[in-house]
Amino acid sequence: MYPVGLTIAGSDNSAGAGAQADLKTMSALGVYGVTAITCVVAEVPGKVSAIQPIEPRIVAEQIRLLFEAFPIGALKTGMLYSGEIIETVCATLTECFAKLPQPPPIVVDPVMVATSGDPLLQRDAIALYRERLFPMATLITPNLDEVRTLLGRPVANLMEMRATGHELAAAYGRAFLIKGGHLRLSPAIDLLCTPDGQAQEFSAPFIEGIATHGTGCTYAAAITAGLSRGLALPEAVGEAKQFLANAVAHFLRWTREGRTTDALHHFAPRQ
């Protein structure tokens with residue numbers, strides 16, 4: 001049976017991030033992707049100009065219909081935007097899971113700020129990530145800006161990454177993938193920290209001189225695709241890290257009226 005992955009995320013009209021990037025990622029990795037759209041975002045790399053949240057009842061209905069029609073192998077959450085949408089997603093997933101013999105793995109990408117610096121989450125919604133969504137997660141994938149928001153302090157090096165990863169995994173009893181790209185080190189190192197105190201490194205070359213967005217979405221979607229196909233969590237993370245590195249290395253570029261736009265190449269040939 002062809003594996004199915006669900007993304008609960010925002011729509012990015014430039015297709016470099018959000019549900020569009022998730023679908024491309026899942027397709028490239030042999031998974032049939034389905035979506036529950038939480039908001040519509042008008043954006044291009046480097047700029048978010050407008051956000052329109054979807055009515056929570058419509059978000060809930062999308063999720064219900066998908067669980068009725070498809071054998072969801074794993075799912076991810078991306079941009080949820082508001083506390084009301086987070087509450088709706090958690091309640092609807094709980095309702096759907098109650099009908100299953102075993103709930104699918106959940107990858108939570110705690111989308112808070114765009115690569116451009118524009119906010120993608122209302123401030124009062126952060127507490128609901130901690131209280132409602134994190135306890136449901138199999139894996140949580142914050143970048144270093146999101147770690148700073150969660151812990152209230154910056155992370156400046158690999159040693160601090162490791163310490164915060166262990167702290168978060170112990171606090172929430174869930175696995176955390178701390179993404180180190182914002183340190184701008186080569187190789188770029190991510191740490192998979194689990195509640196039992198273990199930590200595993202995943203690395204890939206850091207590539208300068210490009211300005212893509214959607215790396216976090218793509219990474220979480222690739223992990224979700226691996227879990228949908230039955231991979232264990234470390235194997236899914238390892239495959240996703242290499243997939244993302246390949247998409248970055250073979251980035252696409254367009255120049256129009258003096259503006260350069262870069263994008264990940266989700267369908268680049270892989271070695």
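Biologist: Which residues does Thr7 touch, not counting residues up to four places away in sequence?
Modeller: This is a predicted model. Thr7 is found in strand 1, residues 4-12. Leaving out residues up to four places away in sequence, the contacts of Thr7 are Ala19, Asp22, Met26, Val34, Thr35, Ala36 and Lys76.

Biologist: Is Thr7 buried or exposed?
Modeller: The cut-off for buried is under 20% relative accessible area. Thr7 has 0% relative accessibility, so Thr7 counts as buried.

Biologist: Which helix gives the most to the largest nonpolar core?
Modeller: That core has 44 residues, of which Leu6, Ile8, Ile63, Phe67, Leu75 and Leu93 touch the most other members. Ile8 has contacts that include Ile63, Leu75, Val89 and Leu93. With 7 residues, the helix that gives the most to this core is helix 3, residues 83-97.

Biologist: How many residues are in the other core that lies apart from it?
Modeller: Val31, Phe243, Val248 and Leu264 are among the members of this other core. The core has 27 residues.

Biologist: Is helix 5 parallel or oblique to helix 6?
Modeller: The axes of helix 5 (residues 144-151) and helix 6 (residues 158-172) come within 12 Å and cross at roughly 55°. Because of that angle, helix 5 relative to helix 6 is oblique.

Biologist: How many nonpolar residues does the contact of helix 5 with helix 6 have?
Modeller: Leu144, Val147, Leu150 and Leu151 in helix 5 meet Met161, Thr164, Glu167 and Leu168 in helix 6. By class, 1 residue is polar and 1 is charged, while the nonpolar residues number 6.

Note on methods. Residues are numbered from 1 along each chain as its sequence is written. This is a predicted model: local features need pLDDT of at least 70, side-chain atom pairs count only at pLDDT 80 or more; totals for chains, interfaces and linings use all residues. Side-chain values use heavy atoms; hydrogens and water are left out. Axes are lines fitted to C-alpha atoms, for helices over the stretch in contact, and angles run from 0 to 180 degrees between N-to-C directions. Helices (H or I, at least four residues) and strands (E, at least two) are DSSP runs, numbered from the N terminus. Angles under 35 degrees count as roughly parallel, over 145 as roughly antiparallel, 65 to 115 as roughly perpendicular and the rest as oblique. Contact means heavy atoms within 4.5 Å. Ala, Val, Leu, Ile, Met, Phe, Trp, Tyr, Cys and Pro count as nonpolar, Asp, Glu, Lys and Arg as charged, and the others, Gly among them, as polar. Buried means under 20% relative accessible area, exposed over 50%, partly exposed in between (1.4 Å probe, protein chains only). A nonpolar core is a set of buried Ala, Val, Leu, Ile, Met, Phe, Trp, Tyr and Cys residues joined through side-chain atoms within 4.5 Å.
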